[in-house]
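Here's a quick round of questions and answers on packing and side-chain contacts. Have the coordinates open as you read.

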Amino acid sequence: MPEALPDWDYQMDLHLRRTVRIDLDRARSQAGLPPEAVLMLAAVWTATGSNLSGPAQHVRLSGSGSATISLDIRLRGSDLGGLLLLDTALLLAEGQSNGRPSAPRRAGSVLWSHRAPLRLQGDAPQFPMAVIDFGRTSFPDGAAWHLQISGNLESATMGSLLLLVNERNTAVATAFENAGKPRDIDRIVLSAVYADTARTMIEHALSLDEFVDGADFPAESLGVTLTVLFDQLFPGRSISDMRLRRQQSPSLFASEVQEAVKIFEVSR
C-alpha cells in the first residue's frame, strides 16, 4: 500500500490484496510445535478515524511444505477514516497439549505478525471523521454533526478526535462528499462545520485546568493539537486571558472565535 491516499473520502471503498508465502514446517519447528499443529493466517483491520475494527479474512493451514496464501480484502469507506491499520498474523489455530515446554499452547497464540498502515485522513487539511445515521445513536436525530472528544491531553490526537456527520442531513453529507471540489453552497456548509468544530475544541481545551500557557505535551497528542489551534486562532493572546474572557463574557468569546475562524469566507 502507499503511505497515504490524499483523495480518499468516506464513499471510497478499499480493495486490498496481500500474498503471503509460509514455510509451514519451518514455522512449526521454530515455534516448537509438533508437525500436525494446525495454523491460521488472519488479517484484521482497524480505523482510528471511526474507532472501528474487524476481521478481514482468515485461512486455516494444515499439512506440510510451503503454502502461498492470497488475501482479498474489501472494506467499506463508511467504516473507515483516519489511519487504517492492516494487521496480518500467523496464529496457532487449535490448542496444543504436546510440543516443547516453551512452545505456544493456546489457540490464537501469535507466531508472527506484520502491520501495514495507510493514512486516509488526519493531515493538515483533513480531519478524522465518519458519516453515520444519527437515528441509530444517542445523538439527536436532527443534528447535522457532532464532534467527539475523548481521552486526556496526552492522548494521541487520532484516537481522541472524531467528527461524526449525520447522513440524514443531506446538505452536510453532500458538502463533505464534494469536499475535493466544493460548490459555493458546500463551502458555506463546510465553513460552518469548521467554525463550530474549532469552537468546540477551544472550549474543551479551556475547560481543562492542565491546558495552560507553556504546557509541554507529547508529540502528536491532543494537547499539542489544541495548543496549535489556539495559537492559530488567537496569536499573541494568552490561554489564561481567553479562559477568563470565556468565563466573564461567553457571548463575546463566541464572537471572537467566529472572527478568528473567518466564518463564511468561502474563498478561504
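**Helices, a threonine and some rings**

Helix H4 (residues 184-206) packs against helix H6 (residues 239-248) at an angle of about 100 degrees, and their axes are 10 Å apart. Keep in mind that this is a predicted model.

Q: Is H4 roughly parallel or roughly perpendicular to H6?
A: The two helices pack at an angle of about 100 degrees. Angles of 65 to 115 degrees count as roughly perpendicular. So H4 relative to H6 is roughly perpendicular.

Q: How many residues of the contact of H4 with H6 are charged?
A: H4 brings in Glu203, Ala205 and Leu206, while H6 adds Ile239, Met242, Arg243 and Arg246. Four of the contact residues are nonpolar and none are polar, so going by Asp, Glu, Lys and Arg as the charged types, the charged ones come to three.

Q: Which side chain joins that of threonine 88 in a polar contact?
A: Threonine 88 sits in strand E5 (residues 83-92) and is buried, with a relative accessible area of 1%. Its neighbours farther off in sequence include Leu41, Trp112, His114 and Arg18. The polar contact, at 2.9 Å, is with arginine 18.

Q: Is phenylalanine 234 buried or exposed?
A: Phenylalanine 234 pairs with phenylalanine 230 in a tilted arrangement, 5.4 Å centre to centre with 55 degrees between the planes. Phe211, Phe230 and Phe234 make up one aromatic cluster. Under 20% relative accessible area means buried, so at 5% phenylalanine 234 counts as buried.

Note on methods:
Residues are numbered from 1 along each chain as its sequence is written. This is a predicted model: local features need pLDDT of at least 70, side-chain atom pairs count only at pLDDT 80 or more; totals for chains, interfaces and linings use all residues. Side-chain values use heavy atoms; hydrogens and water are left out. Axes are lines fitted to C-alpha atoms, for helices over the stretch in contact, and angles run from 0 to 180 degrees between N-to-C directions. Helices (H or I, at least four residues) and strands (E, at least two) are DSSP runs, numbered from the N terminus. Angles under 35 degrees count as roughly parallel, over 145 as roughly antiparallel, 65 to 115 as roughly perpendicular and the rest as oblique. Contact means heavy atoms within 4.5 Å. Buried means under 20% relative accessible area, exposed over 50%, partly exposed in between (1.4 Å probe, protein chains only). A polar contact is a pair of N or O atoms within 3.5 Å; within protein, one must be able to donate a hydrogen and the other to accept it, and residues adjacent in sequence count only if both atoms are side-chain atoms. Rings of Phe, Tyr and Trp (its six-membered ring) pair if their centres lie within 6.5 Å; planes under 30 degrees apart count as stacked, over 60 as edge-to-face and the rest as tilted. Lists of a residue's contacts leave out its neighbours within four places in sequence.
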